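Colleague: Could you take me through one part of this model up close, the way the helices pack, and then follow the thread to whatever it connects with?

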Amino acid sequence: MRKYRGGIAGDSAGTVQTTLTIQIKTINDGKVARNIRATFFISHNKNNMVMKQFGFFAQHVRTAVLCLLLLSLGWQTIGAQETLKHRLPQLPYAMDALAPLMSQETLEYHYGKHLQTYVNNLNNLIKGTPFEEMSLEEIVKKSEGALFNNAAQAWNHAVFFLGFSPKETTVPAVLAERLTRDFGSVEAFKEAFGKAAAGVFGSGWTWLAEDAEGKLVIKSYPNAGNPLPEGLNAIIGIDVWEHSYYIDYRNNRKAYIDAFWKLLDWNVAAKRLKK
């Protein structure tokens, strides 16, 4: 249980300047979790006071108290966020950088809202469980039910969003050779992958994955499915949940898949190869 205790001590230096000291303690389970103390030097006349510390400007002492209380709550919130195990991945491009193939509005909803919800749910579900100490990949491999769904979607979307580039890229030789070996050519792979993604009924994902022997395979899964539980290494993943493309392409999944190839960062995909 958290309680806030505040104390104010002041001493006046004549009628020109007043020193105001404010102290706020956060008590958590009987222990002091945070102790904030600040001193404000206030110059004032009959009807006006100006605080010179922290850049705050106020007309009376009560505003000083409110400012520090808000600071306390703000620092408390920041501290809580810092303890979260899992967070949104930092995008290597601006939110409008993929437009018009993937609009800023799509990223704001898909990345900023849908993915954030999965991450929030994940953090809440692992609290007080052995999963709290596991990596995201471990959770995906070992969990089931609601925890799997949210963990897998958090992981899936990280792979998805971190695999894009605002500038169209070419396929590195190392990946081109592997795709040609296992699918006949890069174009043959893209055709097979696109067909698999278009054929997913309802919501799901299609992946290019690498098995233990280094063979590349195309795998499709419903809902939050991905290759990790099968012991496969994910190279490329496309989200075919309708919310991933409806803003830009309405129900035209094929157009979305065609645009996906122009956004895909083949260099990132090549670096994901393990064999």
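Modeller: Helix H5 (residues 173-183) packs on H6 at an angle of about 70°, and their axes are 8 Å apart. Angles of 65 to 115 degrees count as roughly perpendicular, and H5 and H6 are therefore roughly perpendicular to each other. Keep in mind that this is a predicted model. The crossing of H5 past H6 is left-handed. On the H5 side you have Ala176, Leu179, Thr180 and Phe183, and they meet Val186, Ala188 and Phe189 in H6. Sorted by class, that contact of H5 with H6 has 6 nonpolar residues, 1 polar and no charged.

Now stay on H6, with Phe189 as the link. Phe189 meets H5, and Phe189 also belongs to the contact of H6 with H8. Helix H6 (residues 186-198) and helix H8 (residues 253-263) have axes that come within 10 Å and cross at roughly 145°. Here H6 passes H8 in a right-handed crossing. Besides Phe189, the H6 side brings Lys190, Phe193, Gly194, Ala197 and Ala198, while H8 offers Arg253, Ile257, Phe260 and Trp261. The split for this contact is 7 nonpolar, 1 polar and 2 charged.

Phe260 of H8 is the next link: Phe260 is in the contact with H6 and also sits in the lining of the largest cavity. A search of the whole structure turns up 1 cavity of 30 Å³ or more, and about 40 Å³ of space lies in the largest one. Along with Phe260, the lining holds Val159, Phe160, Gly163, Phe164, Ile235, Ile236, Gly237, Leu264 and Arg272. Two elements, helix H4 (145-161) and strand E7 (233-239), give two or more residues each to that lining. E7 gives the most, with 3 residues. By class the lining of the largest cavity is 7 nonpolar, 2 polar and 1 charged.

From the cavity, Phe160 takes you along H4. Phe160 lines the largest cavity, and Phe160 is also part of the H4 side of the contact with H2. The axes of helix H2 (residues 104-126) and H4 come within 9 Å, crossing at roughly 140°. That angle makes H2 oblique to H4. As for handedness, H2 passes H4 in a left-handed crossing. The H2 side includes Leu107, His110, Tyr111, Leu115 and Tyr118, and the H4 side includes Ala146, Leu147, Asn150, Ala151 and His157. In total the contact of H2 with H4 has 14 nonpolar and 6 polar residues, with no charged ones.

H4 and E7 turn up once more, at the largest pocket, where about 290 Å³ of space lies. Of the 17 residues lining this pocket, the closest to its centre are Glu137, Leu228, Asn233, Ala234 and Lys274. Helix H3 (136-142), H4 and E7 are the elements that give two or more residues to the pocket lining. Its residues divide into 8 nonpolar, 2 polar and 7 charged.

Finally, two backbone details in the loops. Asparagine 223 has a phi near 55°, a positive value in a residue other than glycine, and lies in the loop between strand E6 (216-222) and E7. The peptide bond from alanine 99 to proline 100 is cis, with omega near 5°, and proline 100 is in the loop between helix H1 (61-82) and H2.

Methods:
Residues numbered from 1 in each chain as written. Predicted model: local features only at pLDDT ≥ 70, side-chain atom pairs only at ≥ 80, totals over all residues. Heavy atoms only, no water. 1 Å grid on protein atoms, 1.4 Å probe; cavity = no way out; pocket = protein on both sides within 12 Å on 5 of 7 lines; lining within 4 Å. Points joined across faces, edges and corners; volume = space filled by probe spheres on them. Helix = DSSP H or I, 4+ residues; strand = E, 2+ residues; numbered from the N terminus. Nonpolar A, V, L, I, M, F, W, Y, C, P; charged D, E, K, R; others polar. Axes fitted to C-alpha atoms, helices over the stretch in contact; angles between N-to-C directions. Parallel < 35°, antiparallel > 145°, perpendicular 65-115°, else oblique. Left-handed = near helix turned anticlockwise from the far one by under 90°. Contact = heavy atoms within 4.5 Å.
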